[in-house]
Amino acid sequence: MKRYSISTAVKTAFGVGALSLALVGCNGSDGQDGEIGQPGEISIDINSASAVQTKVEQAAYDEASKTLTFEFTLTNPNGVAVTGLETLKDPLRIAFGRMGTRSETFTPYTQGEGENAVEVTARADGEEQIWLSYRNTTKDTAPMTGTNNWRPTRDCPEGETCLSYLGQGKYQITAPNIIETNGLDYDYDANQIHGIYVITYGVGENKLKNVEAYYWDPLTEQSVSSPKRSLEMETCTNCHVGQDHIRHGNYGNTAEGCGFCHTDYTVYSGSGVDANGDAVEFTFDGSIKGLVHAVHTGITETDRRELAKFNKVIADAGKNPAFAYQFDGAALDSNGEPKSALNFPASTADCQQCHVSYETTADTLPQGVTTHALSWFADMDVKSCQTCHGNYHYGDRTDVVEDTTVLTGCVSCHNSHEGSTRGGAFRHFAGTGINSREAASQAGMLIETAYSNINWDSTSSVLSFTMNLSRDGQAITTDHIPLILNRSNQLVLAANVYVNAVDSQNPDAYLASRSTGTLNQNTDGSFSVTVDATSTSYTLPALADALNKGADLAITAGDIKVCFNNKSSDLKVLDNAANTTEEGICSGVLSSNLATTQFIKIDGTAGAERTSAANYESCRNCHNNDMVARHGATHYRNADLHTCAQCHEGGDYNSLIVRVHGTFGKAHGREDVQALVSSAQCSACHNDDDFALENARSTAMRWDKAVTSNGVITKPTTFSSPQAGVCASCHVSDSYDIGNGKDAAKAHIESMGGVVDTESYSEASLNGESCSTCHKADSVKQYHNLK
């Protein structure tokens, strides 16, 4: 009789007993049973798949035939095999490389001219391990410009099959003669860790993308972990939130992907026009570290450009043409103003923005990060400094070592070896405990604040308390804080104290106008602070009203400028500390601090902390310790969202929601920022469902600040109701006026009881809006395409 093959799945469904009954139903056996057939393949065609993922299972290189072979599976996210890849025109791109040393890629060059010319034949850091590509390429006269990815269709020899389907979603790549180092003197080395980077390059009708790195040890033929991961990719993607891919549309946001092509020895060419109108040709570092450093050095605001001799070093076209012509998004016009908007909220000078702390040891490195992560502060690269500083201060220095002229660069002096304290880690930030010139500019972050002796006089509406400022237990006094000229051209101490209040039971917003304290130094070095709590200059209720109803205090010490020694983060006494009639002279470095806000009850115990819908750490993922740069001062250094809200909720600026979302083209409403972190990507700043309207504050928000001309208010301060303000901050704004829907959105919000842009704080405070009835967290996610 005819036998039917029954798949494993069917066998399982029937069970052994059921199968026996089914087979005996034909009056028993009619002879010896034949072999059971294999189950049919369960799969989906590549043109029908909505997503794919690859997994390399094994790889090997045959040195005799010079052929790379590897097998991988292609499935959808549910693990179902995807077929048909081999029928596509150009489905895959393969990068191939190995670990090696800098000496293997060094090209000798001549330094100097005439009788002074010398042949530089090595680098002092030549034995440092780097990633080498087996597929180097040349472009625009630059010697090495990355990886020429191998493609199974383009590079497969005629008459051969280089991509084949093995069944069950498994494929095999055979790549003969894949190694082409483009003139560099290195070849296959079985003693080194090897790796491939497989790029699924927009495959099928849905143009699907996927990337995967796979590493192995040729001696054991076993897979290994990434051999040179110097940082966590999250340090990039925490800030690059609005883009699926940071730079290349199909290559993926992976540290491996960047390093496979942008190798340590990659060099690009560029051109520009100098001040005389003459063409300038130059080459620059095209490694991933070189590009990242150069791009993120593009500080735009005038004040920050003056830090660390910025204009004389980084932005000097003579010393650093690559930055001046290629990466400076903040090129200044004839008036010294940036030609373009701020593109880089994080300064490259804050190394820890991407790199691990200088105190981190190999035992405490993040998971997956290798010991190569420690090299940045050990100064193991003679050219790293030049990616920011250009050829400045002996950047191309050479030394003669055993009759060989060796490139040593900056690290001959600037290093962290054998007790030296002139290395990058000690020059870029404070808190190392080591003397360092640049550490002093960051030392303000380490100022500590404490408040005590709080007294509230409800009769006079005067709040008073004692403030102590310190650094490592040492008191900070008027000996260290200069006098400065305020907006009224009066000499005042370079320190402020802001005070507001929150509801102890429902602390979701500041309740009052921000009040500013008056400081007087006590004999013990502490400061007496007195606050007039009757001020309503920002049209919000007075602080006194809130305190009389039992509210808790929110105190922020801010704009503190303290003098530190030039080569350390130690406090330094002002040159004229006893003279209170002059601004004060700090012969060291003035470093700023705007401390985190403290919440305290009148009796001095801990108070209720103001609720923040956003996570400040999400802000710091992009904005480093300076937060943002503005004209006249470092802004929000060492702060938190509560500190920001002192001005942007209880102060004289638009509410934080309006400001950050970008109603008036500010912050995340700007086009250049939208490409980086879109305001529609709620998870960039908010945790879980904190963005939901159910979490909106209970008080009205300031929609727009007043506009004054010649002392006359030409546009009054306006307010919005809480839920309406959240939605309207995007949907009722010029920044997001998609399809001219701004007016329709405003009408819809108002028809649901919301208030947008009214002059009446009382009207905006009425609790009649019903936005959250329909716009729950799930619907917000759906319409914003959030996962």
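1. Start with β13 and β14. These two strands pair in the antiparallel sense over three bridges. Within this pairing, W216 stands opposite S223 of β14. The two strands form a hairpin, with four residues between them. One residue of that turn, E221, has a positive phi of about 60°. Keep in mind that this is a predicted model.

2. Now look at the other neighbour of β13. Strand β12 (residues 194-203) pairs with β13 over eight bridges, again in the antiparallel sense. One bridge to find on screen links V198 to its partner E212 in β13. β12 and β13 also form a hairpin with four residues between them. In this turn, G204 has a positive phi of about 70°.

3. How much of β13 is buried? Strand β13 covers residues 208-217 and is mostly covered. Seven of its ten residues are buried. Here, buried means under 20% relative accessible area.

4. Step back to the whole sheet. Five strands make an open sheet in the order β9-β5-β12-β13-β14, with antiparallel pairing. Strands of a sheet pair through backbone hydrogen bonds, either parallel or antiparallel. Trace the order on the model and β13 falls between β12 and β14.

5. Which strands lie at the edges of the sheet? They are β9 (129-133) and β14 (222-224). Each of these pairs on one side only. From one strand to the next, the twist averages 35°.

6. Check the β9 side too. Strand β5 (residues 92-101) is joined to β9 by five bridges, and the two run antiparallel. For a concrete pair, take M99: its bridge partner in β9 is W131.

7. Turn to the helices. Two packed helices are described by the angle between their axes and the distance between the axes. Helix α16 spans residues 722-731, and helix α17 spans residues 742-751. Their axes come within 10 Å and cross at roughly 170°. Angles over 145 degrees count as roughly antiparallel. α16 and α17 are therefore roughly antiparallel to each other.

8. Which residues make the contact between α16 and α17? From α16 come A724, C727, A728 and H731. From α17 come K742, A745 and I749. By type, the residues of this contact divide into five nonpolar, one polar and one charged.

Notes: Residues are numbered from 1 along each chain as its sequence is written. This is a predicted model: local features need pLDDT of at least 70, side-chain atom pairs count only at pLDDT 80 or more; totals for chains, interfaces and linings use all residues. Side-chain values use heavy atoms; hydrogens and water are left out. Axes are lines fitted to C-alpha atoms, for helices over the stretch in contact, and angles run from 0 to 180 degrees between N-to-C directions. Angles under 35 degrees count as roughly parallel, over 145 as roughly antiparallel, 65 to 115 as roughly perpendicular and the rest as oblique. Contact means heavy atoms within 4.5 Å. Ala, Val, Leu, Ile, Met, Phe, Trp, Tyr, Cys and Pro count as nonpolar, Asp, Glu, Lys and Arg as charged, and the others, Gly among them, as polar. Two strands pair if DSSP finds at least two bridges between them. Buried means under 20% relative accessible area, exposed over 50%, partly exposed in between (1.4 Å probe, protein chains only).
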